[in-house]
Amino acid sequence: MGAGYFAEPFRIKMVEPIRVLSDEERLARIEEAGFNVFNLRAEDVYIDLLTDSGTGAMSSRQWAGIMMGDESYSGARSYYNLLDSCSEIFGYRYFQPVHQGRAAEKVVMPILLGKGKVSIANMHFDTTRAHVEIAGARAIDCVVPEAEDTASEAPFKGNMDIEGLRLLVEEHGCEKVGVVIMTITNNSAGGQPVSMENIRETSKICKEYGIPFMIDAARFAENAFFIKEREPKYKDVTIEEIVMECFSYADLFTMSAKKDAIVNIGGLIGVREDAGLFEKVKAATIPLEGFISYGGLAGRDLEAMAIGLKEGIDLEYLRYRIGQSRYLGERLKESGIPFQSPAGGHAIFVDAGKLLPHIPYNEFPAQALAIELYKEAGIRACDIGSFMMGRDPDTREQLKSQFEFTRLAIPRRVYTQSHLDVVADALAEIKKRAENLRGYRITWEPEVLRHFTARLEPIK
Ligand SMILES: Cc1ncc(COP(=O)(O)O)c(C=O)c1O
């Protein structure tokens with residue numbers, strides 16, 4: 001088992017062919033895509049590590065559930081199955097399905113925020129930040145300082161900086177802070193976990209100042225696994241119990257179910273006990289997402305989510321899952337590729353700032369590395385750095401991201417260890433010619449979430 005890798009707790013029943021294009025074809029495809037990996041056709045990609053979101057392989061039980069989906073407009077059996085799964089896992093009173101994580105944000109943010117308000121998070125994911133800003137508010141990140149040192153092996157680098165949070169609340173005034181968000185795991189800091197102690201402490205501050213405390217729960221199960229493994233008090237506590245305790249500290253959550261609930265589409269809003277808040281959630285969901293018992297999803301999607309939520313918290317599955325990113329991390333260490341250590345839950349975040357120190361932030365080193373990976377071996381990764389960060393909404397200045405990460409996100413139950421070896425070997429090859437890599441400039445971009453569609457060109 002080596003450094004804690006666990007073989008797949010499943011066998012493969014159906015395969016989907018993938019292929020590598022020739023060197024010349026890959027060069028042509030990335031140029032046609034405006035040097036933006038989001039513009040590539042998926043069939044031109046060999047190993048797709050663009051995201052772990054909605055890209056997982058569903059189980060035979062989930063596919064069986066798909067066939068059992070109840071497609072009634074209102075009151076479908078699949079909706080009630082989902083509510084049962086949710087109450088059992090999270091212990092909340094109210095749940096609202098939506099079509100994905102950002103839909104949950106679209107519903108919730110205008111309820112909690114408005115002009116002049118701020119949202120404070122350990123780190124906002126990009127869509128979360130976008131919805132805070134669309135609601136007229138400002139998003140402030142407050143992660144612990146050790147997150148910035150990618151070489152540090154600190155166990156909970158996703159944590160909220162508790163003292164920093166208190167200072168920010170005092171500085172802005174608690175009435176201005178519309179919400180405090182804990183993103184678990186902390187995607188933007190490198191899929192790094194948040195400890196139970198930190199969730200508890202954050203919750204205490206929120207209670208003291210009367211601020212709603214919300215969990216961005218996309219990777220709640222992976223976070224629970226890290227708590228079990230790294231927080232000594234929780235060594236003998238089950239994943240189910242850890243999840244229940246973790247959510248008990250918050251007032252509400254938003255969730256992209258496309259991650260730990262292992263579905264291809266879906267999202268959730270959970271409200272612990274505030275009936276008034278849930279009324280507002282329902283009222284906003286109907287015009288934005290559809291009737292409350294389907295929330296922008298088909299009945300079959302609700303059914304798959306009800307099953308996937310339970311599969312996602314299975315200990316054997318989580319051991320294998322976290323073992324995969326750990327394995328890739330170990331292989332990268334062998335060739336001296338710097339990354340956010342220890343390996344994150346859903347991805348390895350290569351420190352492109354360190355690997356390509358000659359490319360400044362405004363020439364997007366993490367994007368340059370993502371492009372090179374495609375050129376090298378048809379691997380698709382993405383920039384989680386200044387290219388993704390975008391511009392200051394007021395001044396339109398390019399923002400400098402705290403990190404310049406190229407993210408290798410690992411889809412759930414999809415790729416084998418051999419695929420991960422191809423990725424590690426490709427990066428080792430790129431490292432040999434790292435000083436020859438050049439930065440990029442943007443030739444076209446939209447105003448919001450530009451990294452999805454912007455076009456670039458290499459700087460000569
Ligand atoms: C932490 C976090 N929050 C929210 C979202 C948004 O979810 P979705 O892509 O389902 O809209 C994501 C998606 O990647 C995420 O990682």
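Select strand E9 to begin: this strand is mostly covered, with 5 of its 5 residues buried, where buried means under 20% relative accessible area, exposed over 50% and partly exposed in between (1.4 Å probe, protein chains only). Helices (H or I, at least four residues) and strands (E, at least two) are DSSP runs numbered from the N terminus. The model is predicted: local features need pLDDT of at least 70 and side-chain atom pairs count only at pLDDT 80 or more, while totals for chains, interfaces and linings use all residues. Residues are numbered from 1 along each chain as its sequence is written, and side-chain values use heavy atoms, with hydrogens and water left out.

Next, colour the two faces of E9 separately. Ala347, Phe349 and Asp351 lie on one side and Ile348 and Val350 on the other, and all are buried. In a regular strand the side chains alternate between the two faces of the sheet.

Now extend the selection to the sheet around E9. This open sheet of 3 strands has the order E9-E12-E11, with antiparallel pairing; two strands pair if DSSP finds at least two bridges between them. Strand E9 (347–351) and strand E11 (382–384) stand at the edges with a single partner strand each, so one side of each has no neighbour in the sheet. The twist averages 35° from one strand to the next. Axes are lines fitted to C-alpha atoms, for helices over the stretch in contact, and angles run from 0 to 180 degrees between N-to-C directions.

To follow the pairing, select isoleucine 348, whose bridge partner in E12 is leucine 408; E9 and E12 are joined by 5 bridges. On the E11 side, 3 bridges lead to strand E12 (residues 405–409), and isoleucine 384 has phenylalanine 405 as its bridge partner in E12. Then add helix H12 (residues 315–334), which packs on the sheet and touches E9 and E12, its direction making about 25° with that of E9. Contact means heavy atoms within 4.5 Å.

Move next to helix H7 (residues 196–209) and helix H9 (residues 239–248), which pack at an angle of about 20° with their axes 9 Å apart. H7 is therefore roughly parallel to H9, a term for angles under 35 degrees. Show Met196, Ile199 and Arg200 of H7 with Ile242, Glu245 and Cys246 of H9 to see the contact.

Finally, select the open sheet of 7 strands, in the order E2-E8-E7-E6-E5-E3-E4 with mixed pairing. Its edge strands are strand E2 (94–98) and strand E4 (138–141), each pairing on one side only.

Notes:
Angles under 35 degrees count as roughly parallel, over 145 as roughly antiparallel, 65 to 115 as roughly perpendicular and the rest as oblique.
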